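New to this one? Here's a quick, friendly briefing to read alongside the sequence and the 3D view.

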Amino acid sequence: MVRRNDERRAALVDAAIEVLARDGARGLTFRAVDTAAAVPPGTASNYFANRDELLTQAGARVYERLQPDEATITRHRTAGRDRETYAELMRELVGRVASFRTGYLALLELRLEATRRLDLRTVLTERVRADVDANVAYHEASGLPGDATAVKLLYLALNWLIVEQLTLPEVFTEAERDRLVTAAVERIVAAG
């Protein structure tokens, strides 16, 4: 029987994210999730039909937690429409994603696992494609400079910068990271 306590389910999925970040996909077991969530043994198996379901829900939860809050969205909507504002938005985005270290590391683990699990690959492909499409649509509606290609190029460049920050944090300082984000926007996004 699959349980329906949404709060407990969210806590278990959040614990799965922590396990993925700490131990990798191979370390993600129901027992490890139960321990990380500080619940009785067997709890996770009451909430998820199998490990694949848990992996898939962990991937979806990472994206939920990476979304900006309403205050950030409102600030973005009322900000200027020039490259400097764009660079500031991108610096904020990179900072927000990098501050959820375990979530992003879990997502990297899920991406690697998706190379071996078709269902997970399908879910992640759909989610990432929808995320890119939403970013392009938001950008086009925002009036910021640049086109869809610029958005995609920044997505690719900044994702690797985030990987660098989370896996080898001594390569670039936070100040260097901010300068690199600004430079990426200035070089990729056409002026005016």
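What follows is a short tour, from the whole chain down to a few individual residues. Keep in mind that this is a predicted model. The chain is helical throughout its assigned secondary structure, with ten helices and zero strands.

**The whole chain**

- Reading along the sequence, you'll meet the pattern α-α-α-α-α-α-α-α-α-α.
- The C-alpha atoms fill a box of roughly 60 × 35 × 30 Å, taken along the principal axes.
- Out of the 192 residues in the chain, 38% are buried.
- Take the contacts with a separation of 6 or more: 67% of them come from residues 24 or more positions apart.

**The nonpolar core**

- The largest nonpolar core has 53 residues, and the ones touching the most other members are Leu-20, Leu-28, Val-33, Tyr-86 and Leu-110.
- Helix H9 (residues 148–167) supplies the largest share of this core, with eight residues.
- What does Leu-28 touch, once residues up to four places away in sequence are set aside? The list is Ala-16, Val-19, Leu-20, Val-33, Arg-51, Leu-54 and Leu-55.
- Two of those partners, Leu-20 and Val-33, also appear among the core residues that touch the most other members.

**Helix H2 and what comes after it**

- In H2 you'll find Ala-32, Val-33 and Asp-34 buried.
- The buried residues of H2 pack against helix H1 (6–23), H3 and H4.
- Just after H2 comes Ala-38, with a positive phi of about 55 degrees.
- Why is that worth a look? Most residues other than glycine have a negative phi.
- Ala-38 is not a glycine, yet its phi is positive.
- Ala-38 sits in the loop between helix H2 (30–37) and helix H3 (43–47).
- Is Ala-38 buried or exposed? Its relative accessibility is 71%, so Ala-38 counts as exposed.
- Over in helix H3 is Ser-45, which counts as partly exposed because its relative accessibility is 37%.
- Ser-45 and Val-33 are twelve residues apart along the chain, and their C-alpha atoms are separated by 9.6 Å.

**Helix H5 and its two sides**

- Which residues of helix H5 (residues 70–78) are buried? They are Thr-72, Ile-73 and His-76.
- These buried residues span an arc of only 100 degrees around the axis, so they lie on the same side of H5.
- Look at the other side of H5 and you'll see Glu-70, Arg-77 and Thr-78, which are exposed.
- As for packing, the buried residues of H5 are up against helix H6 (83–99) and helix H8 (118–142).

**Zooming in on His-76 and Leu-89**

- His-76 belongs to helix H5, and with a relative accessibility of 12% it counts as buried.
- Leaving aside neighbours within four places in sequence, His-76 is in contact with Arg-81, Leu-89, Glu-92 and Tyr-138.
- Leu-89, one of those partners, is in helix H6.
- Leu-89 counts as buried too, because its relative accessibility is 9%, and buried means under 20%.
- Not counting residues up to four places away in sequence, Leu-89 touches His-76 and Leu-144.
- For a sense of distance, Leu-89 and Phe-30 are 59 residues apart in sequence and 38 Å apart in space, C-alpha to C-alpha.

**The largest pocket**

- The largest pocket comes out at a volume of about 1100 Å³.
- It is lined by 38 residues, and the closest to the pocket's centre are Leu-93, Arg-96, Asp-131, Asn-135 and Tyr-155.
- Which helices each supply at least two residues of the lining? Helix H4 (51–66), H5, H6, helix H7 (101–114), H8 and H9 do.
- H9 gives the most to this lining, with ten residues.
- H9 also turned up earlier, with the largest share of the nonpolar core.
- By type, the lining divides into 27 nonpolar residues, five polar and six charged.

Note on methods. Residues numbered from 1 in each chain as written. Predicted model: local features only at pLDDT ≥ 70, side-chain atom pairs only at ≥ 80, totals over all residues. Heavy atoms only, no water. Buried < 20%, exposed > 50% of the residue type's maximum accessible area, 1.4 Å probe, protein only. Helix = DSSP H or I, 4+ residues; strand = E, 2+ residues; numbered from the N terminus. Arc of directions from axis to C-beta. Contact = heavy atoms within 4.5 Å. Core = buried A, V, L, I, M, F, W, Y, C linked by side-chain atoms within 4.5 Å. 1 Å grid on protein atoms, 1.4 Å probe; cavity = no way out; pocket = protein on both sides within 12 Å on 5 of 7 lines; lining within 4 Å. Points joined across faces, edges and corners; volume = space filled by probe spheres on them. Nonpolar A, V, L, I, M, F, W, Y, C, P; charged D, E, K, R; others polar.
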